[in-house]
Amino acid sequence: MPQDGGWRATDTPWAGQGPFACAQGADEGADEAMLASFAPADEGRVDQVVERYDSPGDAEARFDEVRAAVADCASQLDAATDGRPEFWQLAGVGDAAWVAGYWTLETAGEARRRVEIGVVWMGTVVMHVTWGFLAQDSIEPVVTDATVAATEKLCVAAGGACVSDPVLEPDAGASEKAS
């Protein structure tokens, strides 16, 4: 993620904590893993995990694992937060991409904490991007900016382009798959 526009790298603990309870940490079975966190000057946070595997099949399996874990977690928060989670396929990004959006119990005035987690599979790489921010109303569809920007940067660093005309498509079956 760029560090312009007030964003700066941070080392605050994140995955599995507080509003990021559904975020998945790095897979110990990955050949390589990178974790990074960014925060703006005012409010919000983006956390990124990048994992590399020996084969595209291993990466695809991890993509499916992360997607199922996030969907299961977000679906369980549904009753407690009075806000139904949203699940979307993100066509045109990597070999496969998926985004979940959910509300947490954390509030600040009239705003609630919104968390969106994007998971992208690109060849032998899986990336998950978690974005938390305060919002007052429902956000539909999910905001894909952080996921798409992180994917573009990763693809450029890898010497290729793997984002073309991102399009959100509802993933109505994600809740059923998670159960």
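**View 1. One cavity turns up inside this predicted model.** The count of cavities of 30 Å³ or more comes to one. Its volume is about 40 Å³. If you want to find its walls, look for V99, E116, I117, G118, V129, W131, V143, A146 and T147, which line the cavity. Sorted by character, that lining divides into six nonpolar residues, two polar ones and one charged one.

**View 2. Here are the elements around the cavity.** Which elements supply at least two residues each to the lining? They are β6 (111-122), β7 (125-135) and α2 (145-157). Of the lining as a whole, β6 brings the largest share, with three residues.

**View 3. F87 and W98 make a stacked aromatic pair.** Searching the whole structure gives two aromatic pairs, and the one formed by F87 and W98 is stacked, with 5.6 Å from centre to centre and 10 degrees between the planes. F87 belongs to strand β4 (residues 86-93) and W98 to strand β5 (residues 96-108), so this pair ties together parts that lie 11 residues apart in sequence. Are these two residues buried or exposed? F87 is buried, at 7% relative accessible area, and W98 is buried too, at 0%.

**View 4. W131 and F133 make a tilted pair.** The ring centres of W131 and F133 are 4.6 Å apart and their planes stand at 45 degrees, so this pair counts as tilted. Both W131 and F133 are buried. You have already met W131 in the lining of the cavity.

**View 5. An arginine sits over a tryptophan ring.** Zoom in on R114 and W103: the charged end of R114 sits over the ring of W103. The distance from that charged end to the ring centre is 5.1 Å.

**View 6. The largest nonpolar core has 22 residues.** Which of its members touch the most other members? They are F87, W98, I117 and V119. The elements giving two or more residues to this core are α1 (56-81), β5 and β6, and α1 gives the most, with seven residues. Some names here should ring a bell: F87 and W98 are the stacked pair, while I117 is one of the residues lining the cavity.

**View 7. A second core stands separate from that one.** This core has 19 residues, and V46, L90, W131 and A146 are among them. Two of these names, W131 and A146, also belong to the lining of the cavity. W131 is also half of the tilted pair with F133.

**View 8. Helix α1 holds V66, which is buried.** V66 is found in helix α1 and is buried, with a relative accessible area of 1%. Its C-alpha atom is 9.9 Å from that of V120 in space, although V66 and V120 are 54 residues apart in sequence.

**View 9. L77 and A61 are two partly exposed residues of helix α1.** L77 lies in helix α1 and counts as partly exposed, at 24% relative accessibility. The C-alpha atoms of L77 and L105 are separated by 9.0 Å, with their positions 28 residues apart along the chain. A61 is in helix α1 as well, and A61 is also partly exposed, at 45% relative accessible area. From A61 to V126 the C-alpha separation is 9.6 Å, and these residues are 65 residues apart along the chain.

**View 10. D165 has a positive phi value.** Where is D165? Look in strand β8 (residues 163-170). Phi of D165 is near 45 degrees, a positive value in a residue other than glycine. D165 is exposed, with a relative accessible area of 68%.

**View 11. Zooming back out, the chain has three helices and eight strands.** Follow the sequence and you'll pass through the pattern β-β-β-α-β-β-β-β-α-β-α. How much of the chain counts as buried? Of its 179 residues, 44% do.

Technical notes: Residues are numbered from 1 along each chain as its sequence is written. This is a predicted model: local features need pLDDT of at least 70, side-chain atom pairs count only at pLDDT 80 or more; totals for chains, interfaces and linings use all residues. Side-chain values use heavy atoms; hydrogens and water are left out. On a 1 Å grid over the protein atoms alone, a cavity is a set of points where a 1.4 Å probe fits but cannot get out, and a pocket is an open set with protein on both sides within 12 Å along at least five of seven lines; lining residues have an atom within 4 Å of a point. Grid points are joined across faces, edges and corners, and a volume is the space filled by probe spheres set on the points. Helices (H or I, at least four residues) and strands (E, at least two) are DSSP runs, numbered from the N terminus. Ala, Val, Leu, Ile, Met, Phe, Trp, Tyr, Cys and Pro count as nonpolar, Asp, Glu, Lys and Arg as charged, and the others, Gly among them, as polar. Rings of Phe, Tyr and Trp (its six-membered ring) pair if their centres lie within 6.5 Å; planes under 30 degrees apart count as stacked, over 60 as edge-to-face and the rest as tilted. Buried means under 20% relative accessible area, exposed over 50%, partly exposed in between (1.4 Å probe, protein chains only). A charge sits over a ring if NZ of Lys or CZ of Arg is within 6 Å of the ring centre and within 35 degrees of the ring normal. A nonpolar core is a set of buried Ala, Val, Leu, Ile, Met, Phe, Trp, Tyr and Cys residues joined through side-chain atoms within 4.5 Å.
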